[in-house]
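Reader: I should like to learn how features of this kind are read from a model. Please take them one at a time.

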Amino acid sequence: MRLAAASSSWGLLASAGLLIAVSSRAGTALAGPPLIADDPNTIGAGNAQPIFAISVLSRRNETVIRGPLLDQTVGVVDSLDVTLVVSFNSVHRENESRQWQWLGVITPGIKWEFFRRDRGSLCLSPAFSVGTLNPGKPLVLLPLQGEIAVGQRTARLGFDAGYGTAWRAPDEWFASVYGQGAITKRLTLQGEIWALGTTTGGATDLGLTVGATYLVFGGARKSLELLAAVSPGLASFGTSRLNVRAYLGFQYTFARPRRSAALDGRGRTRVTD
């Protein structure tokens, strides 16, 4: 699992959410860094995958900094992960106050890969997010992810779509279609088109993300990756909300070899010792 985001319940959807967009209640996105969408791949029983990251989101009259952010995933069995995202966010709204507002967000969840074949998989990733700003208004996230390998499995196409419901607040939806391909053994390029909106007829945002993942070092049981992306908003129907999002993070993986060891969860060939 890989999460990210900033201020508005959408930011909580993501990882991967990020996921990775905006959230004024709890401010976390279930999204797959560096993308907003999350992929459906679990990490395997007994494996652990922490991500340390920071992201910056610019909206109309508002800037949100998410970080430091810890996104921790632990594999329970091959098809099930337990996830936890903890972040400290700072929000600056020009039309309200010149001071920064600080808040924390905790998002526990699970990732269940209920369908897996050699060339594709499907996954459900429900999560529950609570922020210190409004602890009495938790956000429940219900995403569905899918992915399929293309060609010789060096490229993958996928989607992430779902629904978020908060106590006494408009429900929100999100959808993303992404693609990623291994350029070299160490470099993977990624891109996506995403949309988010509310069920009450409010604004609908459209945007894209361009990202890259670089394998700093990798072995059979451990690896370190650099994650980076930028997500400009392309259009908004209703009210102008999202300008741009930037993401930077490091992902460390403590892993045992999986049965499908030719590629990792994002379709990249691992560098072995």
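Author: Let us begin with a term: strands are DSSP runs of E, at least two residues long, numbered from the N terminus. The model shown is predicted.

Reader: Which strand gives the most to the nonpolar patch?

Author: Strand β4 does, contributing three residues. The patch covers about 590 Å² of surface and is formed by Trp-112, Phe-114, Phe-115, Leu-124, Leu-144, Phe-159 and Val-177. Of these, Leu-124 belongs to strand β5 (residues 120-124); with a relative accessible area of 32%, Leu-124 is partly exposed.

Reader: How should one read the nonpolar residues in the interior?

Author: In soluble globular proteins, nonpolar side chains tend to be buried together. Here the largest nonpolar core has 10 residues, among them Ile-36, Leu-57, Phe-174 and Trp-194. Both β4 (101-117) and β10 (187-198) supply at least two residues each to this core. A separate second core of six residues includes Ala-53, Val-85, Leu-227 and Tyr-247.

Reader: How many salt bridges does the structure hold?

Author: Side chains of opposite charge can pair when their charged atoms come close. This structure holds four salt bridges. One of them joins Asp-39 to Lys-111, with the closest N and O atoms 3.6 Å apart. Asp-39 lies in the segment before β1 (48-59) and Lys-111 in strand β4, so the pair links parts 72 residues apart in sequence.

Reader: Are Asp-39 and Lys-111 buried or exposed?

Author: Asp-39 is buried at 2% relative accessible area, and Lys-111 is buried at 1%. In another salt bridge, Glu-147 meets Arg-156 at 2.5 Å, N to O. Shared partners also join Asp-38, Asp-39 and Lys-111 into one salt-bridge network.

Key:
Residues numbered from 1 in each chain as written. Predicted model: local features only at pLDDT ≥ 70, side-chain atom pairs only at ≥ 80, totals over all residues. Heavy atoms only, no water. Core = buried A, V, L, I, M, F, W, Y, C linked by side-chain atoms within 4.5 Å. Buried < 20%, exposed > 50% of the residue type's maximum accessible area, 1.4 Å probe, protein only. Helix = DSSP H or I, 4+ residues; strand = E, 2+ residues; numbered from the N terminus. Patch = residues over 30% accessible without salt bridge, like charges linked within 9 Å, V, L, I, M, F, W, Y side chains within 5 Å. Areas by Shrake-Rupley, 256 points an atom, 1.4 Å probe, with all protein chains shown as cover. Salt bridge = Lys/Arg side-chain N within 4 Å of Asp/Glu carboxyl O.
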